[in-house]
Amino acid sequence: MYTQALNTAETDDRGLEDVAKAAQFQARIDAEERIEPNDWMPAAYRKTLTRQISQHAHSEIVGMLPEGNWITRAPTLRRKAALLAKVQDECGHGLYLYAAAETLGASREELVDAMLAGKAKYSSIFNYPTLTWADIGTIGWLVDGAAIMNQIPLCRCSYGPYARAMIRVCKEESFHQRQGYEIMVTLCRGSDEQKAMAQDALNRWWWPVLMMFGPPDAASQHSDASTKWKIKRFSNDELRQKFVDATVPQAQYLGLTIPDPGMTQDADGHWRYSEIDWTEFKQVLAGNGPCNRDRMAARRKAHGEGAWVREAAAAYAAKRARRQTAQAAE
Amino acid sequence: MATANIQVSETPLVLYALRRADDALILGHRLSEWCGHAPMLEEDMALSNIALDLIGQARELYTFAARTEGKDNDEDKLAYLRDVRQYRNVLLVEQPNGDFAQTMVRQLFYSAFADLYWRAMVNSGDTTLAAIAARSEKESAYHLRHASEWIIRLGDGTDESHARAQNAIEHLWAFTGEMFAVDDGERALIHAGIAIDPGTLRGRWLTTLSEIIGEATLQLPQNDWMQQGGRSGRHSEHLGHLLSELQSMQRTFPGLAW
């Protein structure tokens, strides 16, 4: 669903073996050419992208859990089917993204192991719990909405495989976003209880969603290199502002109140929001959010309990290959 | 009293559709419990995919049942406002997921049946059931292929996977007989050319199964004692828990649109 601006990029170019190659590479970037897997690229570019794409992939996979939490309890069969389809899409996004990361020379297994070991991050948003059905609507509306804000520019990212994965992901993501918003519309036109449920969900998710865009520009460690390499096209704060401006009218249409009493609209029409609680953000990233431990425990459990199945598949494939070789030799 | 269970006038045709719908919903629900917890991402997708197909089949069958009944029930009332004793699925599909082998054996037993069943039902004299069958048989063929390939991998994989698959077969075997059972109401539908006699599928089901189980180096149990009851609402203790989860929203917030 989402990649967060968490990278500490390698801006150190001392390791570059060839200054001329680096200059040529930058010229290609500047000319808006796509970099492809077999092309030369600076080691730091490779490393930054591997980290960002894999974090993005991990986010898709961990992101299945908060929504998956409601599949067995969805209130109608139509909603159940839609949610199941959505979570299935997210798994597919994870697979595209691992494949894109693998074009950079990493293996999916090592990337997944890094996540399970707590060495690789995933989006902070998935460390929040889904307490009511309205959370499912809110996640679609806001979390997927924020993801789209961030991913549309990535469709023009300089690395071809990532950009192409993003084009496919964005198509499905915007469908999810509309589905989520439709759940919110239904709730807000429903009973008082349903409206209250929607407002409560917005209250709980609003600030965590704004945190999805990453630290403020002044504190963002990696923007320079990522911008120079056209991995990143807009700053965290620019995207966050764009998101807020797009979302306020949607909340108004729903008749919901954004839990930020200090919010004002300036002369240019931008909605100015209050200070984000960056302490909470840092704590969630450090593993201390409400669900960090549960999310990792669930992924580790699936991985651990699935080991014998993966071993069986590998053992069978090896046996079959041996039999086929033996048959061919006859 | 919107929270109370609905009453369904179970004419033979309504009951017939409900039984198939309940099979599909309960099995789809079970598979959906795997979401995010499967042994690998590809399998997470496959299990969700099959769950989605089955829930789709259930929706069509409930809608058909509701229309046939002609009262004000609909797919959601039928799914969310009937209690354990009103559910009509076979016991097999409500069995817990267990480990991956148990899920796959349950899927193999059901899909090997559903594949034959829907292919035969394409010729139903009821045009809606025939249309549902035409769609479902394509899905079931895919489900059967998926389950078969896994049973072969597990059976002919490692010692551990072999043992787990064999255990699952032993555990679930007694629940397979119910899929082939017919009561008087169904017999009338069979005579009318609306339903097919599932009993006639058992031989082919066994052949398909024997081939797969054989290739997997596994064995079918010798025990022929079969558990029954699901079709008339006498379920295992598992279904109540499943329904309390599935129905919790509609029970807590009755009569609303979502």
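**Reading chain A and its contact with chain B**

Author: In this predicted model, the 41 positive and 41 negative charges of chain A have mean positions 5 Å apart.

Reader: What does the secondary structure of chain A come to?

Author: Start by counting the elements. Chain A has 13 helices and two strands.

Reader: How do I read the radius of gyration of chain A?

Author: Set it against the value for a compact globule with that number of residues. For 330 residues that value is near 20 Å, and chain A has 22 Å, so the two agree. As for extent, the C-alpha atoms of chain A fill a box of roughly 75 × 50 × 35 Å along the principal axes.

Reader: How many of the residues of chain A count as buried?

Author: A residue is called buried when its relative accessible area is under 20%. In chain A, 57% of the 330 residues count as buried. The accessible surface of the chain comes to about 13,800 Å², and carbon and sulfur atoms hold 53% of that.

Reader: Which part of the contacts in chain A joins residues 24 or more positions apart?

Author: Take the contacts with a separation of 6 or more; residues 24 or more positions apart account for 80% of these in chain A.

Reader: How many residues of chain B are in contact with chain A?

Author: Contact here means heavy atoms within 4.5 Å. On that basis 48 residues of chain B touch 45 residues of chain A. The area buried between the two chains is about 4,100 Å², with 69% from carbon and sulfur atoms.

Reader: Which three residues supply more than any other three of the area that chain B buries against chain A?

Author: They are Leu41(B), Met45(B) and Trp258(B), which supply 19% of that area.

Methods: Residues are numbered from 1 along each chain as its sequence is written. Chains are lettered from A and ligands numbered from 1 in the order in which they are written. This is a predicted model: local features need pLDDT of at least 70, side-chain atom pairs count only at pLDDT 80 or more; totals for chains, interfaces and linings use all residues. Side-chain values use heavy atoms; hydrogens and water are left out. Helices (H or I, at least four residues) and strands (E, at least two) are DSSP runs, numbered from the N terminus. The radius of gyration is taken over C-alpha atoms; the globule rule is 2.2 Å times the number of residues to the power 0.38. Buried means under 20% relative accessible area, exposed over 50%, partly exposed in between (1.4 Å probe, protein chains only). Accessible areas come from the Shrake-Rupley method with a 1.4 Å probe; for residues, only the protein chains shown count as cover. Lys and Arg count as positive and Asp and Glu as negative; His and the chain ends are not counted. The place of a charge is taken as NZ of Lys, CZ of Arg, CG of Asp or CD of Glu. Buried area is the accessible area (1.4 Å probe) that two parts lose on being put together, summed over both.
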